[in-house]
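Student: Could you take me through one part of this protein up close? I'd like a good look at a single helix pair, plus whatever helps to place it.

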Amino acid sequence: MKLLKVVSGVALSSAMLLTLTSGAFAQPSSQVAKEASDVSVTLDGQTTTFSSAEINRLAELNNVDPIELRKAIESGSDEDGRFSPFSKLAIKNVITTEQADKSDASKLSSTVEPLIMSKAAQKSSSISAQSTISKTNQDSTAYNWTGNQTANGNWPALGICAVHRKKDIGGSGNSPVIPFGTTLSTNKDIWLPDGVGYKSSFTVDDTGSGPKRTDYWIDIYYHKDTKSAINYGVTKLNYTYSS
């Protein structure tokens with residue numbers, strides 16, 4: 001009888017240990033379901049869905065937190081009526097230029113074309129150095145159609161971009177940090193949808209809020225191609241424009 005009691009005690013202890021161990025590693029079912037579920041956003045009646053695996057891949061590719069990325073997509077348009085999730089996501093850590101270039105090469109459009117292409121060095125321009133302004137290592141993101149006009153009062157068109165307002169970078173007022181109508185020439189070719197193809201010049205026609213982005217960040221308009229805009233993520237660009 002003594003032997004039976006000991007064995008039973010061992011069995012009971014093992015069962016308790018298994019229960020405690022399982023509990024230590026278990027996550028609330030709601031959290032597991034949320035992390036494993038797809039993410040959808042509906043803009044102007046069109047729904048775009050991203051799988052959990054896509055969210056994790058995009059987060060790693062763009063050096064942001066996957067949970068924050070999920071929240072940013074699910075929240076839809078911001079207070080300015082713009083949908084640009086990556087504009088507001090903090091970068092987790094600093095990466096090298098080589099790592100950024102490798103990330104760029106992995107970004108594909110909704111039609112599986114490279115979104116960012118390296119461009120040969122520009123030939124010297126006839127514009128004098130005094131009238132040309134250069135911005136280096138600036139963040140760029142992409143935004144989509146939400147049925148709203150641009151801050152400049154126009155209907156958005158492919159080939160435009162948004163920039164910060166002066167008040168967003170320590171100044172005052174809603175005027176853009178780069179004047180409306182200014183053409184920016186980028187050091188990379190950027191793919192745009194709807195048959196536009198690759199472009200390396202963008203006209204400032206909108207403003208947006210990018211609190212986690214560089215002072216001279218640009219947000220490139222992607223019309224209704226939400227998949228490509230999200231895949232674009234955060235991309236570093238150099239660009240020039242005439243003052």
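Tutor: Sure, and keep in mind as we go that this is a predicted model. Some background to start: the protein has six helices and nine strands, and 39% of its 243 residues count as buried. Its accessible surface is about 13100 Å², with 55% of that belonging to carbon and sulfur atoms. If you take the contacts with a separation of 6 or more, 73% of them are between residues 24 or more positions apart.

Now the pair itself. Look at helix H3, residues 52–62, and helix H4, residues 66–74: their axes come within 9 Å and cross at roughly 115°. The crossing of H3 and H4 is right-handed. On the H3 side, the residues that meet H4 are Ser 52, Ile 55, Asn 56, Leu 58 and Ala 59. H4 answers with Pro 66, Leu 69, Arg 70 and Ile 73. Sorted by class, that contact is made up of six nonpolar residues, two polar ones and one charged. The charged one is Arg 70, because Arg counts as charged, while Ser 52 and Asn 56 make up the polar share.

For a spot in a strand, swing over to Thr 186, which sits in E6, the strand covering residues 183–192. Its relative accessible area is just 2%, so Thr 186 counts as buried. Leaving aside residues up to four places away in sequence, Thr 186 touches Lys 119, Ser 200, Phe 202, Leu 237, Asn 238 and Tyr 239.

Note on methods
Residues are numbered from 1 along each chain as its sequence is written. This is a predicted model: local features need pLDDT of at least 70, side-chain atom pairs count only at pLDDT 80 or more; totals for chains, interfaces and linings use all residues. Side-chain values use heavy atoms; hydrogens and water are left out. Helices (H or I, at least four residues) and strands (E, at least two) are DSSP runs, numbered from the N terminus. Buried means under 20% relative accessible area, exposed over 50%, partly exposed in between (1.4 Å probe, protein chains only). Contact means heavy atoms within 4.5 Å. Accessible areas come from the Shrake-Rupley method with a 1.4 Å probe; for residues, only the protein chains shown count as cover. Axes are lines fitted to C-alpha atoms, for helices over the stretch in contact, and angles run from 0 to 180 degrees between N-to-C directions. A crossing is left-handed if the near helix is turned anticlockwise from the far one by less than a right angle, and right-handed if clockwise.
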